[in-house]
Amino acid sequence: MTTHFQRSIGFLVLLSLTCLGCAKDPFSTRPPSRPTGEQGTYRTPVDPQIALDTNLYYAMVERNASHYPLTLADSLVYVFDYLLTGPPDSALTWGKLEEDRIARNLFAGTTAISVAWWPTPGRSDRYEDTLTTLYRTYEITASILEQEGTKSYDFKGEMVVQLARNPQDLWWIVRWEDLHKGDGAPSWADLKSRFR
Amino acid sequence: MIVLFLPAAESAADPSVTGLSAFSSASHTLTWSDSLRVHLGDPARLSWDFAQRLDLLRKELSGGTDLRQKGHHALLTARSPETHPCRLKIDLEGEQRSFVETLNRQTLWSRFLAGGLWRAPGQTTLEAQLGWTASRHRAGDNRADDGGFARRLGAKWGAIRRGGPSARLKTSIQLLHEGDNRTHLPSNETKWSWQTDWAQPSDSVFLEWEEQRGDSRFYPSRDRFDQIGRQEKLYRLAHGRWSHASSGDSGKALMRIVRAVTWRADALISLDQNIYHVSQSVGGLGVVPGDVRTARRSYSLGATSSLGPFGFVIDYRYRWVEDRFREVRRDQTAETGELDAGLTHRLTPADSLGVHAIFRVTSYTIPVSGAFFDDRDQAERVVELFWRRQFAPGLVFRPEFSFQRQHQVILSAEESANNNTNDVYVLEPRVEWRPSRAITLLQTFSIRAHYRYLDFKPATDQGHGTLYRRAESATDTRLTQTRRTAWTIRYVYRYEDFGGLYDRGGWVQAVDWDRRSHLLDCRLIWRPWKTVSIEPGMGLEYKHSYNHRREGTGVRRIADKPFWRRQVLLNAQWQSRFGYNIRLSVARRVQDSGLGVRDLDNRWELGMSKDL
């Protein structure tokens, strides 16, 4: 029994020593600097439209990589119909970590992004108590940094966005479906794929 | 689209047919998914497996155009008896993907493999298959055909060693290689893994290593086939878990306490790496040459204990994620520390108390400060308290209180104006009452207050943050009428308001809007026979909002157009004693959002499966 007890204690000591070398304090944050810039546009998402039409929209326009992931659920599923270019095993879906990474890449790799979207004609937004589906048609112009200089590209498409209440009872995006237009023009998913 | 899955009993030895067919029509989208699996044969003779899946999608886009996608995959496998050390295995596989009427694009791929599987003594298995593969890519008038030899090679070794009546060491190593040498698009993929599992009553150790390497060519553009890209992939995973449990029932008091704790430790390390190369640029939207590397490592430590009326749980989790890109200014490292602890105490047989807390901080660090993101921290604190009181065998009262705080801290001066704090207070008393065996009543009240502050916004008369309040009463009733009939009824009333916080000798909320919602949902669960279940139901929602306009010293409430929706649905299922399983789901939904547009939505699904 004593051997067993000693082994238990030894096991814990060993694990503690191993892990202390790469532990992270779960209680305190680093001190910030006093602000010199303006705050970005972000409203408390008490309605699904605020989460999409205000917070996601301004996160894109202001290229705010801090606000962008706040609009997305931890369990986000991003799906698209197809990509115009890309490797053969490009997944047709990804999650929040990839979206966060793409947003940082996109904002750092562009000099300006202009976005416009509006309710998709012929579609009615679908409201349920805990799940809302919004239909939007968009046009994006992105000035992308390339070796030869900055080039401007247009992206058009439709998106079907499902939003749900998060644990704080605020709305965030749980499913985001991107669709090409009928003319086959590059979509938002093509823009994201460029920065994966 | 709703995914419908109907399981069917299936075993390798018995012939079986499993099918699934699901159709749905909703929101201008038609989907049909169909799959079939057939297993025929005798284990003592040749056995056949056939699996096919067909997915069709038609989506009506705005502007009158359609998006049509079709995917079809089929696999036919023949195997000789398992009793022989040498087995014959033949695979015939085909796949088709097409986008019709939008891009008029199609991809066909097929593969034939034939070979053998040799099982040697000592759990060693060798597998070798050779064959032919062909592919065709088509986009409009452009077409590219390709073909070449295909191969599949595998080896597996395993061993089990027993060190006593209850100690066991189990090890396995596996190697698998698949590839082809098509003229234009050759591909190779190799995977090897090693697993060791050692277990005895008080300790267990599990170690795993896996590595995958892939090298394949592809057409970067879906419309032209004159450029070929190359993709190299490398994925590594190392996983270790060490669990230890100790318990004592003798010795001194301190040792008894220590021994009563069951310690548990988990360690997980994973690394994955992706490398992309393109032989030539295909324009601004093409794949960009270079590397994308992601590395992750994490571990967790935990302990659970029960000592008399006390129960205790504590976990510490650590996570580290590193992203490396082509340019250093896009790189980022995220490090998370999380402490999760809970304590429960059973005061009396009828009363118990509990507290649960989570403290989590994630720090994002970047090597080069950029204009759009910088070093930042995200902190989260959650504290939950509950009390459970059982007044009678059929009456339970459980009030809960919780507090959640989320704090975002951006370190740089350029971005720190966005720093904000979110505080949520929740009080939720709940009563569960079963006055008789036929009636169950669950009544929940919920009151929430969500405060949001910007950290650096001065607290002036112009407002200081916002407050979102929500109060809700939910009544759930289940009436069991007969042994085969039951009703469920749910009614929810909800009040919400939102507004800024202003200094009036104390922070008060100036309401911008308030909203009242009523929701009703009724279901009948009827089982006329043991094999048939029918569930009709209906749902209603009515929501009325008011905007508050400040006029002088007063406030005027202006009613918004009300929102309502109603839904009727029917679910039916039949499971026959001959193995048939059929399920039908039909729903019709009408919504009026007050904008003059009434939205009508119908969807139905049919699923079936059968065992032979």
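## Contacts across chain B

In chain B, 52% of the contacts with a separation of 6 or more join residues 24 or more positions apart; two residues are in contact if their C-beta atoms, placed from the backbone, lie within 7 Å. Keep in mind that this is a predicted model, in which local features need pLDDT of at least 70, side-chain atom pairs count only at pLDDT 80 or more, and totals for chains, interfaces and linings use all residues. Residues are numbered from 1 along each chain as its sequence is written, while chains are lettered from A and ligands numbered from 1 in the order in which they are written.

Chain B contains 1 helix and 29 strands. These elements are DSSP runs numbered from the N terminus, with helices being H or I over at least four residues and strands being E over at least two. Of its 612 residues, 13% count as buried. A buried residue has 20 or more other C-beta atoms within 10 Å of its own, an exposed one has 12 or fewer, and a partly exposed one falls in between, with C-beta atoms placed from the backbone.

## A hairpin and two residues in chain B

Strands β10 (residues 187-199) and β11 (residues 203-218) of chain B run antiparallel to each other over 13 bridges; strands count as paired if DSSP finds at least two bridges between them. The two form a hairpin with 3 residues between them, and Thr196(B) stands opposite Leu207(B) of β11(B).

Arg182(B) sits in the loop between β9 (168-180) and β10 of chain B. Arg182(B) is classed as buried because 20 other C-beta atoms lie within 10 Å. Beyond its neighbours within four places in sequence, Arg182(B) is in contact with Thr133(B), Ser135(B), Asp146(B), Gly147(B) and Gly148(B). From Arg182(B) to Gln573(B), 391 residues away in sequence, the C-alpha to C-alpha distance is 49 Å.

Further along, Ile447(B) belongs to strand β21 (residues 439-454) of chain B. Ile447(B) has 16 other C-beta atoms within 10 Å and is therefore partly exposed. Not counting residues up to four places away in sequence, Ile447(B) touches Leu427(B) and Ala471(B). The C-alpha atoms of Ile447(B) and Tyr495(B) are 9.6 Å apart, with 48 residues separating the two along the chain.

## Chain A: layout and confidence

Now for chain A, which has 4 helices and 7 strands, arranged along the sequence as α-α-β-β-α-β-β-β-β-β-α. Buried residues make up 44% of its 196 residues. Pairs 24 or more positions apart supply 54% of the contacts in chain A with a separation of 6 or more.

The mean pLDDT of chain A is 84, and 85% of the residues score at least 70; pLDDT is the predictor's confidence in each residue, from 0 to 100. Among the elements of chain A, helix α1 (residues 2-20) has the lowest mean, 58, and α2(A) the highest, 94.

## Helices α2 and α3 of chain A

Helix α2(A) covers residues 48-61, and at 1.5 Å a residue its 14 residues should span 20 Å, which agrees with the 19 Å between its end C-alpha atoms. The expected span is 1.5 Å times one less than the number of residues. Its buried residues are Pro48(A), Ala51(A), Leu52(A), Asn55(A), Leu56(A), Ala59(A) and Met60(A), and they pack against β3 (110-119), β5 (131-146), β6 (149-165) and β7 (171-180) of chain A. An α-helix has 3.6 residues a turn, so residues three or four places apart point the same way.

Helix α3(A), with 13 residues, reaches 18 Å from its first C-alpha to its last, close to the expected 18 Å. Its buried residues include Asp100(A), Arg101(A), Leu106(A) and Phe107(A). The buried residues of α3(A) pack against β3 of chain A and also against β15 (310-324) and β16 (332-348) of chain B.

## The largest nonpolar core

The largest nonpolar core has 44 residues, and those with the most contacts inside it are Ala51(A), Leu52(A), Val161(A), Leu163(A), Trp172(A) and Ile173(A). The elements giving two or more residues to this core are α2, β1 (72-80), α3 (96-108), β5, β6, β7 and α4 (188-194) of chain A, together with β22 (466-482) of chain B. Such a core is a set of buried Ala, Val, Leu, Ile, Met, Phe, Trp, Tyr and Cys residues joined through C-beta atoms within 7 Å.

Leaving out residues up to four places away in sequence, Val161(A) touches Leu52(A), Leu134(A), Arg136(A), Ile173(A) and Trp176(A).

## Positive phi in two loops

Most residues other than glycine have a negative phi, and most peptide bonds are trans. Arg63(A), although not a glycine, has a positive phi of about 50°. Arg63(A) comes just after α2(A), in the loop between α2 and β1 of chain A, and counts as buried because 22 other C-beta atoms lie within 10 Å.

Asp169(A) also has a positive phi, near 70°, and lies in the loop between β6 and β7 of chain A. With 17 C-beta neighbours inside 10 Å, Asp169(A) is partly exposed.
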